[in-house]
Amino acid sequence: MELKLVRKTFLQDRTIGDIYIDGNLFCQILEDTDRGLDSNMSLEEIRKIKVFGKTAIPTGKYPVVLSYSNRFQTVLPEVLYVPGYRGIRIHPGNRPEDTEGCLLPGLVNTKNEVEKSRIHFNYLLRELKKVNKKTKITIEITREVSI
């Protein structure tokens, strides 16, 4: 299964994008501030730019697994091998304060906050569980390219 997150709206304290499941638009994602990090950068470069708990993960392609989260006390999707980051999850949430680098699915309202996050998260988790043991799950994170 391929997830693709296309970052589209870049604000001072948050980033908003669309997430696709196997090429089909699923919902929107709220993240921390995109500071231009890329998975091809050195760890040293990433650490110089990253602001802990307030920086979106680097663009790139990463494996996703379902694993138990001690913090949330449940199984959540985890994005693996993100340079300079640990414990990146996809989970419900509404505001930038809820992210700490994680991805919050839902519908973005006029205040640029996420609504119906739990509904969208539960649907996404159900879809991931269907394929978890059968196929690899990846997420590719990009920025919208203007022509």
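Select Ser69 and Thr74 to start. Ser69 stands opposite Thr74, which belongs to β5. The model on your screen is predicted.

Widen the selection to β4 (60–69) and β5 (74–79). These two strands make a hairpin, with 4 residues between them. Pick Gln73 in that turn: its phi is positive, about 60°. Now show the backbone of the pair. β4 and β5 run antiparallel, joined over 6 bridges.

Next, add β9 (137–143). β9 pairs with β4, again in the antiparallel sense, through 5 bridges. Centre on Val64; across from it stands Ile137 of β9.

Zoom out to the whole sheet. It is open and has 9 strands, and its pairing is mixed. Step across it in this order: β6-β5-β4-β9-β1-β2-β3-β7-β8. Stop at the two edges, β6 (88–89) and β8 (114–115), where each strand pairs on one side only. Turn on side chains as you go. In a regular strand they alternate between the two faces of the sheet.

Stay at the β8 edge. Select β7, residues 104–108, together with β8: the two are antiparallel and share 2 bridges. Which residue of β8 does Leu107 stand opposite? Pick Glu115, and you have the partner of Leu107.

Last stop: helix α2, residues 117–131. Which strands does the helix lie across? Colour β1 (2–10), β2 (15–21), β3 (24–31), β4, β5, β7, β8 and β9 to see them. Then draw the axes of α2 and β7; the helix runs at about 135° to that strand.

Terms used
Residues numbered from 1 in each chain as written. Predicted model: local features only at pLDDT ≥ 70, side-chain atom pairs only at ≥ 80, totals over all residues. Heavy atoms only, no water. Pairing = 2+ DSSP bridges. Contact = heavy atoms within 4.5 Å. Axes fitted to C-alpha atoms, helices over the stretch in contact; angles between N-to-C directions.
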